[in-house]
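I opened a fresh notebook page for this one and went through it a piece at a time. Here is what I looked up, in the order I looked.

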Amino acid sequence: MSSAFVDITWAGRPVRIEHAWVGVSDKAAPLLVFLHEGLGSVAMWKDFPQRLCEAAACRGLVYSR
């Protein structure tokens, strides 16, 4: 899974968020957002989100906290 970063402003301060889009590329397909516990990260998910989204024919958004 290849991740990228997005920079946003939250509560008046800059924040960088790591994220990865997985699954099908059809923007009309259903979207699953993968939430993790505690201090999880994109890397901790390994290939599970990709495999699930491919099997369900949907898109997925994975992010690091």
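**Charges.** I started with the charged side chains: the protein has 7 positive and 6 negative ones, and the centres of the two sets lie 5 Å apart. I kept in mind that the model is predicted.

Which pairs form salt bridges? I found a count of 2. One joins Arg16 to Asp7, with the closest N and O atoms 2.9 Å apart. I checked the surroundings of this pair, and both Arg16 and Asp7 are exposed. In the other, the side chains of Asp47 and Arg51 meet at 3.3 Å, N to O. Here Asp47 is partly exposed, because its relative accessible area of 44% falls between the 20% and 50% cut-offs. A general reminder to myself: side chains of opposite charge can pair when their charged atoms come close.

**Overall layout.** Next I stepped back to the fold. I counted 1 helix and 4 strands, and along the sequence they follow the pattern β-β-β-α-β. The C-alpha atoms fill a box of roughly 40 × 25 × 20 Å along the principal axes. For contacts between residues at least 6 apart in sequence, I noted that 59% join residues at least 24 apart.

**Surface and interior.** I then looked up the accessible surface, which comes to about 4700 Å², with 60% of it belonging to carbon and sulfur atoms. Of the 65 residues, 28% are buried. The largest nonpolar core has 8 residues, and I wrote them down as Ala20, Val22, Phe34, Val42, Trp45, Cys53, Cys58 and Val62.

I picked Cys53 from that core and asked what Cys53 is in contact with, leaving aside neighbours within four places in sequence. The list includes two fellow core members, Val22 and Phe34. Cys58 is on the list as well, along with Gly23, Leu32, Arg59 and Gly60.

**Arg59.** That contact sent me to Arg59, which sits in strand β4. Is Arg59 buried or exposed? Arg59 counts as buried, because its relative accessibility is 16% and the cut-off is 20%. Beyond four places in sequence, the contacts of Arg59 include Trp21, Val22, Val24, Asp26 and Lys27. I also listed Ala29, Pro30, Leu31, Leu32 and Cys53 as touching Arg59. One more distance for the page: Arg59 and Val33 are 26 residues apart in sequence, and their C-alpha atoms are 8.7 Å apart in space.

**His19.** I looked at His19 too, in strand β2, which covers residues 13-23. With 17% relative accessibility, His19 counts as buried. Not counting residues up to four places away, His19 touches Ser3, Ala4, Phe5 and Val6, and also Val42, Leu61, Val62 and Tyr63.

**Backbone angles.** Last, I went through phi. Most residues other than glycine have a negative phi, so positive values were what I searched for. Lys46 has a positive phi of about 55° although it is not a glycine. I located Lys46 in the loop between β3 (31-34) and α1 (48-56), and at 63% relative accessibility Lys46 counts as exposed. Ala57, also not a glycine, has a positive phi of about 55°. Ala57 is in the loop between α1 and β4 (59-63), and Ala57 is partly exposed, with a relative accessible area of 45%.

Methods:
Residues numbered from 1 in each chain as written. Predicted model: local features only at pLDDT ≥ 70, side-chain atom pairs only at ≥ 80, totals over all residues. Heavy atoms only, no water. Core = buried A, V, L, I, M, F, W, Y, C linked by side-chain atoms within 4.5 Å. Buried < 20%, exposed > 50% of the residue type's maximum accessible area, 1.4 Å probe, protein only. Contact = heavy atoms within 4.5 Å. Helix = DSSP H or I, 4+ residues; strand = E, 2+ residues; numbered from the N terminus. Areas by Shrake-Rupley, 256 points an atom, 1.4 Å probe, with all protein chains shown as cover. Lys, Arg positive; Asp, Glu negative; His and termini not counted. Charge placed at Lys NZ, Arg CZ, Asp CG, Glu CD. Salt bridge = Lys/Arg side-chain N within 4 Å of Asp/Glu carboxyl O.
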